[in-house]
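I opened a new notebook page for this structure. The plan is to look up empty space, then strand pairing, then the surface.

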Amino acid sequence: MADYTGIAAAGAVAEGGKPKKSASDILATARARLDLAVSALAESREDEIDDLRFYAGSPDNQWQWPADVLATRGAVQGQTINARPCLTINKLPQHVRQVTNDQRQNRPGAKVIPVDDNADVEVAEIFNGMIRHIEYISDADVAYDTACENQVSYGEGYIRLLTEYCDDKTFDQDIKIGRVRNSFSVYMDPTIQDPTGADAKWCFVTEDVTKAEFERMYPDASPITTLQSLGVGDQSISNWLNEDTIRLADYYYIDYDRTTLNLYPGNQTAFVGTPEDKMLKEMFGKPVKSRESDRPRVKYCKINGYEILEEREWAGSWIPVIRIVGNEFEVDGRLYVSGLVRNAKDAQRMYNYWVSQEAEMLALAPKAPFIGYGGQFEGYEQQWKTANTTNWPYLEVNPDVTDGQGSILPLPQRAQPPMASSGLLQAKAGASEDIKSTTGQYNASLGMGSNERSGKAILARQREGDVGTYHYGDNLARGVRHVARQLVDLIPKIYDTQRIARIIGEDGETKMVKINPDQAQPVNKIIDQEGIVIEKIYNPGVGKYDVVAVTGPGYATKRQESLEAMAQLLQANPQLWQVAGDLFVKNMDWPGAQEMSKRFAKTIDPQLLADGDKSPALQAAEQQIQAMGQEMEQMHAMIQNVNKSIEVQEQQRMDFEAQIKAYDAETKRISAVQAGMTEQQIQDIAMGVVAAAMETQNEMMQMPTMPTMPMQMPPPQQEMMPAQGMPQ
């Protein structure tokens with residue numbers, strides 16, 4: 001409702017706020033901004049469209065030939081008999097794709113890194129995984145490749161970010177990366193300084209639809225006739241309405257809320273009127289200092305120039321349209337952009353002209369005839385008339401034609417065929433070289449052979465060509481970095497409820513993680529009674545994170561390179577198989593490699609495969625348990641050795657007792673037979689017994705002592721009584 005009296009605006013100012021912009025003010029500003037963008041970009045965009053047409057030129061459309069030249073070389077009064085050839089040998093797509101396909105092989109990426117003390121490295125990895133997931137579900141490679149193709153061919157490409165509900169039964173949203181196929185449908189603030197448009201204050205993404213389609217999409221909108229009546233006398237109506245279509249625009253703009261920012265002890269800040277400010281004021285009282293601050297807010301409107309069809313606030317801090325620029329110039333206050341095609345157009349035109357001139361010269365020249373003397377062809381005229389078109393197996397002539405002196409004349413010969421002049425060939429070759437020099441790509445960059453023979457020399461020549469077009473890839477990497485920076489800003493705001501999020505690793509493996517935006521710490525680790533981390537919950541909204549650009553080959557290429565490097569290391573150091581053999585097998589592409597890698601990992605020392613997330617206390621406990629286990633194994637071995645020693649000693653004791661009994665029996669026997677023996681026999685027997693006793697005593701002294709039970713000493717040997725008649 002319009003505020004004709006100004007009372008509502010005055011009341012808003014009295015309450016400390018500012019009057020809300022009316023729809024008519026927003027639409028008037030939007031129309032003026034679109035007129036400004038169209039005027040500022042008009043001259044550059046005409047050249048860009050001509051570059052695109054020239055790049056897409058083919059023999060069918062002849063877009064590479066100027067219209068006035070075609071008028072002089074084409075049909076005359078409907079007759080094509082005198083028409084001159086207008087050939088199109090388009091060499092520019094090869095040069096453009098040399099740049100764009102290199103970007104596809106070495107896709108730019110982004111890596112999230114923590115910035116302040118509240119940020120966490122693990123949360124940064126979660127951000128990286130979520131960004132890869134968003135790129136996967138969005139087919140972001142299509143958006144990146146389209147922007148790169150437009151950037152290189154005619155100078156500018158665009159990428160946009162969108163949000164949509166996960167399904168029709170939830171309020172959870174997903175972030176998508178959108179493709180902008182037609183860069184001319186985007187009108188961005190021409191006063192930007194950042195090449196990615198990060199500092200843009202407004203931007204339009206337009207779409208032309210038929211009037212019938214518009215009425216179907218927005219049945220409650222004002223009729224077309226009403227819009228036409230509103231635009232009467234407005235020169236800018238042609239930007240929105242024409243005879244057949246109506247223009248719709250996604251209009252993003254930044255609005256500022258001017259408020260007061262308070263600073264409290266501990267470097268804590270809050271805006272006046274917020275719950276945080278009230279809480280800090282109760283804790284600390286009067287703020288340390290205050291200042292006026294403009295809080296930017298990104299607004300979104302769907303408009304047709306004279307009516308707002310949709311309206312809401314964008315959650316991010318930047319306008320979600322990212323610019324990818326090629327070559328950029330500012331001349332006399334006007335902005336000009338160009339791509340690889342712009343400077344190569346004249347060289348391509350000259351190449352087409354010289355090729356057409358060569359074809360014309362050869363086509364208009366008569367075919368080389370056969371030259372002979374009259375009378376040689378008589379009787380064979382039919383064969384010789386068709387010799388240029390029919391492959392006769394042989395041709396005959398009359399040999400009886402003489403030179404008047406009786407000698408036979410020579411056989412007929414073909415005249416020399418027409419040849420292109422050397423000047424024409426040099427001009428065509430020069431035009432081809434001019435195309436290479438204007439694009440900065442020479443033979444080595446295009447895969448043509450030269451005098452280099454070593455691989456290092458060939459790579460050096462290729463890098464020279466890459467340097468000439470490196471700024472295209474660098475500008476694309478800047479754009480992808482800004483995409484990631486916006487995603488880092490959006491993820492905590494879109495994923496604002498507890499949910500399970502999918503992340504994708506660099507190798508393509510997927511995992512599910514829990515997100516809880518209500519927890520105070522960035523990572524909450526849930527630990528069981530044994531101190532093992534069983535679950536982690538993340539809050540990406542805690543801490544500050546930034547993004548760095550990473551440019552290089554894709555994961556598949558990196559895996560091939562790592563496989564070759566690991567093969568060389570393992571070949572030089574075979575003992576590394578016991579440390580990293582599972583990783584080597586994992587990077588192979590043949591079927592069953594992953595299963596073999598898992599089995600191979602079971603043969604590696606578990607300490608090398610241990611999870612690095614274990615707490616120091618848990619690691620110390622595991623080491624202590626391992627040491628105690630080793631001590632128990634040593635004690636068990638000692639017990640087994642002692643048992644074996646006891647068994648040996650018991651057997652030795654039993655053998656000794658048996659020997660004592662044998663000695664005793666022998667003594668008694670000698671006493672019994674002493675009376676019937678001679679003195680010499682008795683001495684021999686006594687000496688043998690003494691020798692045996694001394695040997696037994698030596699063995700007893702060498703026996704180990706019993707550690708657990710005392711050894712029972714044998715009874716003393718009975719003293720042998722001397723026999724009668726023996727000396728005392």
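**Entry 1: cavities.** I searched the whole structure, which is a predicted model, and found three cavities of 30 Å³ or more. I then looked up the largest cavity, which holds about 110 Å³ of space. Its lining has 13 residues. Leu-41, Glu-156, Tyr-158, Arg-323 and Leu-335 are the closest to its centre.

Which elements each supply at least two residues of this lining? I noted α2 (23–55), β2 (156–165) and β12 (334–338). The most comes from α2, which gives four residues to the largest cavity.

**Entry 2: a pocket.** Next I turned to the second largest pocket. I read off about 840 Å³ of space for this pocket. I counted 17 residues in its lining. Nearest the centre of the pocket lie Phe-271, Arg-295, Pro-296, Ser-317 and Lys-493.

I sorted the lining of the second largest pocket by element. At least two residues each come from β6, β7 (268–271) and β8. Which of the strands gives the most? I wrote down β8, with five residues.

**Entry 3: the pairing of β8.** I followed β8 out of the pocket lining to its partners. Strand β8 covers residues 289–303, and strand β6 covers residues 245–264. I find these two paired in the antiparallel sense, over 15 bridges. For one register point I took Tyr-252, whose bridge partner in β8 is Tyr-300.

I also paired β8 with strand β9 (residues 308–313). The sense is again antiparallel, and I get five bridges for β8 and β9. Here I used Lys-299 as the register point, with Glu-313 in β9 as its bridge partner.

What lies between β8 and β9? The two strands form a hairpin with four residues between them. I checked the backbone there and saw that Gly-305 takes a positive phi near 100°.

**Entry 4: a nonpolar patch.** Last, I went to the surface. I picked out a nonpolar patch of about 180 Å², made by Ile-113, Val-548 and Val-550. I placed Val-550 in strand β19, residues 545–551.

Why does Val-550 count as partly exposed? Its relative accessibility is 37%. Exposed would need over 50% and buried would need under 20%, so a value in between is classed as partly exposed. I also jotted down a reminder for reading strands: side chains in a regular strand alternate between the two faces of the sheet.

Key:
Residues are numbered from 1 along each chain as its sequence is written. This is a predicted model: local features need pLDDT of at least 70, side-chain atom pairs count only at pLDDT 80 or more; totals for chains, interfaces and linings use all residues. Side-chain values use heavy atoms; hydrogens and water are left out. Patches are made of residues with over 30% relative accessible area and no salt bridge: like charges are joined within 9 Å, nonpolar side chains (Val, Leu, Ile, Met, Phe, Trp, Tyr) within 5 Å. Accessible areas come from the Shrake-Rupley method with a 1.4 Å probe; for residues, only the protein chains shown count as cover. A salt bridge is a side-chain nitrogen of Lys or Arg within 4 Å of a carboxyl oxygen of Asp or Glu. Buried means under 20% relative accessible area, exposed over 50%, partly exposed in between (1.4 Å probe, protein chains only). Two strands pair if DSSP finds at least two bridges between them. On a 1 Å grid over the protein atoms alone, a cavity is a set of points where a 1.4 Å probe fits but cannot get out, and a pocket is an open set with protein on both sides within 12 Å along at least five of seven lines; lining residues have an atom within 4 Å of a point. Grid points are joined across faces, edges and corners, and a volume is the space filled by probe spheres set on the points.
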